[in-house]
Amino acid sequence: MLEGLRLCRALWGGAPVDWDGRWILQGAVLGPVPHRPGGPPIWLAGAAPATIERVGRHFDGWFPNGHDPAAFAETFGAMQAVAREAGRDPADLTGAVYLTLAIDENTARAEARIDAFMAGYYGQRPDVMRKRQRCYAGGLAGARELIAEYAAAGVGHLVLRFAGAHDRHLELLAGLNA
């Protein structure tokens, strides 16, 4: 993975690349090169010690889907510390999170919507999937609070997936200022 990342970054520079590793290239050129110098930002998921080290040293961001805000802050802080030790600016790391939401003031109805969505989407029991992915089912105030907690934990990008009623969810969240 790391060799592939280094090769991509070399090719994204636009100059001919000679490479002798898993892939063998002679004078390879990629075109057109990405608009962003250095190529697109590459985010990694996971939270194992090796992932913490890799994100801090080599990647542009972290994109987990199962951490609560406190665990996110702890792990992302460790990644930023590794970045600092490696001579990188920790502020250059992007923190992102993937959340599935069912917003409804009737919590039981929201929970049922999340469960039905997870079972239908993954074909697995929702209780299993909800242990692996961060979900929120409940009222708008609780969603606002959770999003604010993630922002305080260092999340700069939220990817929100709605368990049905997409237009309604968008309308509800459109005015949030977390």
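Helices here are DSSP runs of at least four residues and strands are runs of at least two, numbered from the N terminus. On that count, the chain in this predicted model comes out with 7 helices and 7 strands. Walking along the sequence, the elements come in the order α-β-β-β-α-β-α-β-α-α-β-α-β-α.

As for overall dimensions, the C-alpha atoms fit a box of roughly 60 × 35 × 30 Å along the principal axes. Of the 178 residues in the chain, 36% are buried. The exposed surface adds up to about 9900 Å², with carbon and sulfur atoms supplying 54% of it. Contacts reach well along the sequence: taking those between residues at least 6 apart, 57% join residues at least 24 apart. Charges are split into 18 positive and 19 negative side chains, and the centres of these two sets sit 4 Å apart.

Aromatic rings turn up in 7 pairs. One of them is W62 with F72, a stacked pair with 4.8 Å from centre to centre and 25 degrees between the planes. This pair ties together distant parts of the chain, since W62 belongs to strand β4 (residues 61–62) and F72 to helix α3, 10 residues apart. Both W62 and F72 are buried. A further stacked pair is made by F117 and Y121, with ring centres 5.6 Å apart and planes at 20 degrees. Here the two partners share helix α4 (residues 107–122), where 4 residues, or about one turn of the helix, separate F117 from Y121. Elsewhere, ring pairs join W43, F63 and Y98 into a cluster.

Y121 has more to it than its stacking partner. R161 lies over the face of the Y121 ring, 4.9 Å from the ring centre. Y121 still counts as exposed, because its relative accessibility is 52% and the cut-off for exposed is over 50%.

Back in helix α3, which spans residues 69–85, there is also V82. This valine has a relative accessibility of 8%, so V82 counts as buried, the limit being under 20%. What does V82 touch, once residues up to four places away in sequence are set aside? The contacts are I52, E53, G56 and R57. L11, by comparison, is a long way off on both scales: V82 and L11 are 71 residues apart in sequence and 26 Å apart in space, C-alpha to C-alpha.

Notes
Residues are numbered from 1 along each chain as its sequence is written. This is a predicted model: local features need pLDDT of at least 70, side-chain atom pairs count only at pLDDT 80 or more; totals for chains, interfaces and linings use all residues. Side-chain values use heavy atoms; hydrogens and water are left out. Buried means under 20% relative accessible area, exposed over 50%, partly exposed in between (1.4 Å probe, protein chains only). Contact means heavy atoms within 4.5 Å. Rings of Phe, Tyr and Trp (its six-membered ring) pair if their centres lie within 6.5 Å; planes under 30 degrees apart count as stacked, over 60 as edge-to-face and the rest as tilted. A charge sits over a ring if NZ of Lys or CZ of Arg is within 6 Å of the ring centre and within 35 degrees of the ring normal. Accessible areas come from the Shrake-Rupley method with a 1.4 Å probe; for residues, only the protein chains shown count as cover. Lys and Arg count as positive and Asp and Glu as negative; His and the chain ends are not counted. The place of a charge is taken as NZ of Lys, CZ of Arg, CG of Asp or CD of Glu.
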